Amino acid sequence: MKTYKQGGYIMRKNFGAKPLSYPQPVLIVAAYDENGMPNAMNAAWGGISDSEEISMCLSSGHKTVKDILKTGAFTVSMADTAHVAECDYLGIVSGNRVPDKLAKSGFHTTKSAFVNAPLIDELPIALECRLKDYNPETGMMRGEIVNVSVDERVLDKNGNVDPAKAAPITFDPFNNTYLKLGEKVGNAFSDGKRIKLLPRQELTSIS
């Protein structure tokens, strides 16, 4: 597809209607079953949908989804560079067939102090959530974020999360790879102010 832009033509390739976007998270969703055994799955289709809410698209056949519907609680951890293989394993093996897959992955868990769900000890950042609702037809699950738990080993001297220490990864759906989140490139709610203050004539030249 060739489109015209001021100064020349731009060639674009059409990929069709597919779930392709950047970035996509690598979320490790964990829950207990009715007997207190922890289970977890890998999910990419999810994100913050309100100030205290996370939404994810999870099909009803997943063992983790069945567990969440029974207990009404779950945690969502951010996969990191130190545990790529373990997190990927949780996405390619079903808890319906391997009941102890979380233990087999090598991960260890501690029960959340806020909800009836397991925290994965090795993954430093996690959301602790109560189930709000689930639509089995669309697979849309919403959870109330009760707490954000962060391992102190990834904090800086001021008590803030150091992304270099946390080393979260993202899923690249175009190439089926995992990527490490990179360097800082700007300041949110700040860098755009310089354009906001430009005269209209200069804005036209930028666009």
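**Figure 1. Helix 2 packs its buried residues against strand 4 (27-32), strand 5 (38-43) and helix 3 (101-104).** The model is predicted. Helix 2 runs over residues 84-92. Its buried residues are Cys 87, Tyr 89 and Leu 90. Seen down the helix axis, they fall within an arc of 155°, so they line one face of helix 2. An α-helix has 3.6 residues a turn, so residues three or four places apart point the same way. The face turned away from the buried side of helix 2 carries Ala 85 and Ile 92. Both of these residues are exposed.

**Figure 2. Ser 105 sits in the loop between helix 3 and strand 9 (109-111).** Its relative accessible area is 11%, under the 20% limit, so Ser 105 counts as buried. The Ser 105 side chain reaches the backbone nitrogen of Phe 107 at 3.2 Å. Beyond its neighbours within four places in sequence, Ser 105 is in contact with Glu 86, Tyr 89 and Leu 90. Tyr 89 and Leu 90 also appear among the buried residues of helix 2.

**Figure 3. Helix 1 (63-71) has the buried residues Thr 64, Val 65, Asp 67 and Ile 68.** These residues cover an arc of only 160° around the axis, which puts them on the same side of helix 1. Their cover includes strand 4, strand 5 and strand 8. It also includes strand 11 (125-135) and strand 12 (140-150). Strand 4 and strand 5 pack against the buried residues of helix 2 as well.

**Figure 4. Gly 72 follows just after helix 1 and takes a positive phi of about 75°.** The residue is found in the loop between helix 1 and strand 8 (73-78). Gly 72 has 27% relative accessibility and counts as partly exposed. Leaving aside neighbours within four places in sequence, Gly 72 is in contact with Arg 130 and Leu 131. Residues 125-135 form strand 11, part of the cover over helix 1's buried residues. Gly 72 and Tyr 9 are 63 residues apart along the chain. Their C-alpha atoms are separated by 53 Å.

**Figure 5. Val 26 is a buried loop residue between strand 3 (24-25) and strand 4.** Its relative accessible area is 3%. Which residues does Val 26 contact, leaving aside its neighbours within four places in sequence? Asn 42 and Ala 43 are in contact with Val 26. So are Ser 77, Met 78 and Ala 79. Ile 169, Thr 170, Phe 171 and Tyr 178 complete the list. Strand 5 spans 38-43, and strand 13 spans 169-172. Val 26 and Glu 152 are 126 residues apart in sequence. From C-alpha to C-alpha, Val 26 and Glu 152 are 21 Å apart in space.

**Figure 6. The peptide bond from Tyr 22 to Pro 23 is cis.** Its omega is near -15°. Pro 23 lies in the loop between strand 2 (8-11) and strand 3.

**Figure 7. Ala 167 and Asn 176 have positive phi values.** Phi is near 50° in Ala 167 and near 55° in Asn 176. Neither residue is a glycine. Ala 167 is found in the loop between helix 4 (163-166) and strand 13 (169-172). Asn 176 is placed in the loop between strand 13 and strand 14 (177-180). Is each residue buried or exposed? Ala 167 is buried, with a relative accessible area of 7%. Asn 176 counts as exposed at 62% relative accessibility.

**Figure 8. The whole chain, for orientation, has 6 helices and 14 strands.** The C-alpha trace spans about 65 × 45 × 30 Å along its principal axes. Of the 207 residues in the chain, 33% are buried. Contacts between residues at least 6 apart in sequence include 56% that join residues at least 24 apart. The accessible surface comes to about 12900 Å². Carbon and sulfur atoms account for 53% of that surface. The chain has 24 positive and 24 negative side chains. The centres of the two sets lie 9 Å apart.

Notes
Residues numbered from 1 in each chain as written. Predicted model: local features only at pLDDT ≥ 70, side-chain atom pairs only at ≥ 80, totals over all residues. Heavy atoms only, no water. Helix = DSSP H or I, 4+ residues; strand = E, 2+ residues; numbered from the N terminus. Buried < 20%, exposed > 50% of the residue type's maximum accessible area, 1.4 Å probe, protein only. Contact = heavy atoms within 4.5 Å. Areas by Shrake-Rupley, 256 points an atom, 1.4 Å probe, with all protein chains shown as cover. Lys, Arg positive; Asp, Glu negative; His and termini not counted. Charge placed at Lys NZ, Arg CZ, Asp CG, Glu CD. Arc of directions from axis to C-beta. Polar contact = N/O pair within 3.5 Å; in protein donor to acceptor, adjacent residues only side chain to side chain.
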